[in-house]
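Colleague: I'd like a close look at one part of this model, please: the surroundings of the ligand. Take your time, and carry on into the rest of the fold afterwards.

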Amino acid sequence: MSVTVYHLDLDEKKTLGARHAILPGDPQRVEKIARSFDPGARQIAYNREYWTWLGHLKRRPLVVTSTGIGGPSASIAIDELAQLGVRTFIRVGTTGAIQGHIGVGDVIITTGAVRLDGASSHYAPIEFPAVAHHQVLFSLVEAARDVLKTTQFKHHIGITASADTFYPGQERYDSYGRRVIKRFRGSMEEWQSLNILNYEMESATLLTLCSALKGLKGGCVSGVVVNRTREERIDNSAVETAEKNAIDVALRAMAILMEAERD
Ligand code: URA
C-alpha cells in the first residue's frame, strides 16, 4: 500500500517511484519546466504552494514540485519527496547578485550556502555546513558550460547567502518599515567582502537537509534577476531569460546525472 504524504498529496504510485526532482519555488513555473523536457508530462498533485508535475527524462520518471518561498515550505517539500523515494534534488530559482562582475541573466551555481534560514537548524546544528553534493555540483557546472556557450550569459560558481526574508535578511531598505535590524545592517557589504555571490531563499535548507540526511544529493542553480551593486528593483524584463537559463542548466544537469547513474 502506498502512503500519501500530507502536504504534497502524493504517493509512490503517482510519482512512479521517481528518484529525481526539480524544485522551482514558484508553482507557476512547474508546468513550463515539466513540458520543456517532456511534452507528455502531466500534473499529479496540486495542494497549497506544492504543485507537482511528472514527466520522463532519459526514460526515467522526473518530478517537478514547487517548494513555495523560503526554508519552512521547502523543507516540507524535500522531506516528503524523500519519504516517497526521491534521492536527487536540483533547486532552480531566481536570485539577486551582490558582486559587480555578475550580469543579469547569468546563472549562479551554489557550492555552499550561508545559513540565514531557520528551517535548516531544525535538521542540523548551525555549525553543520550547507554544501552541494559533489556529483550534482559537477553536473551543474558541466551543464552550464554546455548550455550557455552559445549565449551572451555566463555562469558563476560560489557561495550563496540564503535568507528567510527577502527584505531585512537581504538588507533591503525598500520594505514597509524601511528599516533593517542591527543584525543585518551592513551585512551585504560583509558578505561581499567574504566573496559571497548572491542572495536567495531556499538553498540553505535544501543543501543542509541533503547533506545531513542519508542518501540524499542536492544542488542549486539560480538565474540572476537583479544586481544589487547597481540597483534594487528586480528587472521584470530579465526574469524570463534568467529563469530560462537556470532551467535549461538544471535539466541538462539532471540528464547528465541520470546518464552517469546508468554506468
Ligand atoms: N530572490 C531573492 O531571494 N532575492 C533577490 O534579490 C532576487 C530573487
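Modeller: Start with Arg172: one of its polar side-chain atoms comes to 2.6 Å from an oxygen atom of the ligand. Keep in mind that this is a predicted model, so treat every distance here as a computed value. Gln170 has a contact too, with a polar side-chain atom 2.8 Å from a ligand nitrogen. Around the ligand you'll also find Thr94, Thr95, Gly96, Phe166, Tyr199, Glu200, Met201, Val225, Val226 and Ile234, together with Gln170 and Arg172. How much of the ligand does the protein bury? On its own the ligand would expose 240 Å², and the protein buries 93% of that.

As for where that is, the ligand sits in the largest pocket. Three strands each give two or more residues to the shell around the ligand: β5 (88-97), β9 (198-200) and β10 (217-227). The largest share, three residues, is from β5.

Glu200 is worth following a step further. Besides being among the residues around the ligand, Glu200 makes a side-chain to side-chain polar contact with Ser162, at 2.8 Å. Ser162 belongs to strand β8, residues 155-163. Is Ser162 buried or exposed? With a relative accessible area of 0%, Ser162 is buried, because buried means under 20%.

Now on to the rest of the fold, with strand β4. Residues 60-65 make up this strand, and six of its six residues are buried. In a regular strand, side chains alternate between the two faces of the sheet. Here Arg60, Leu62 and Val64 point one way, while Pro61, Val63 and Thr65 point the other way, and all are buried.

What does β4 pair with? Strand β1 (residues 20-24) pairs with β4 in the parallel sense, over three bridges, and His20 stands opposite Leu62 there. Strand β3 (residues 50-57) runs antiparallel to β4, joined by six bridges, and in that pairing His56 is opposite Pro61.

The hairpin of β3 and β4 has two residues between the strands, and one to look at is Lys58, which takes a positive phi near 50 degrees. Most residues other than glycine have a negative phi. Lys58 is partly exposed, at 34% relative accessible area. Arg48 has a positive phi near 50 degrees as well, and its place is in the loop between β2 (42-47) and β3. At 58% relative accessibility Arg48 counts as exposed, since the cut-off for that is over 50%.

Last stop, a helix. Ala144 is in α4 (residues 134-148) and is buried, with a relative accessible area of 1%. Its C-alpha atom is 9.4 Å from that of Ile108, though the two residues are 36 apart along the chain.

Technical notes: Residues are numbered from 1 along each chain as its sequence is written. This is a predicted model: local features need pLDDT of at least 70, side-chain atom pairs count only at pLDDT 80 or more; totals for chains, interfaces and linings use all residues. Side-chain values use heavy atoms; hydrogens and water are left out. Buried means under 20% relative accessible area, exposed over 50%, partly exposed in between (1.4 Å probe, protein chains only). Helices (H or I, at least four residues) and strands (E, at least two) are DSSP runs, numbered from the N terminus. Two strands pair if DSSP finds at least two bridges between them. A residue is near a molecule or strand if one of its heavy atoms lies within 4 Å of it. A polar contact is a pair of N or O atoms within 3.5 Å; within protein, one must be able to donate a hydrogen and the other to accept it, and residues adjacent in sequence count only if both atoms are side-chain atoms. Accessible areas come from the Shrake-Rupley method with a 1.4 Å probe; for residues, only the protein chains shown count as cover. On a 1 Å grid over the protein atoms alone, a cavity is a set of points where a 1.4 Å probe fits but cannot get out, and a pocket is an open set with protein on both sides within 12 Å along at least five of seven lines; lining residues have an atom within 4 Å of a point. A molecule sits in a cavity or pocket if more than half of its atoms lie within 2 Å of its grid points.
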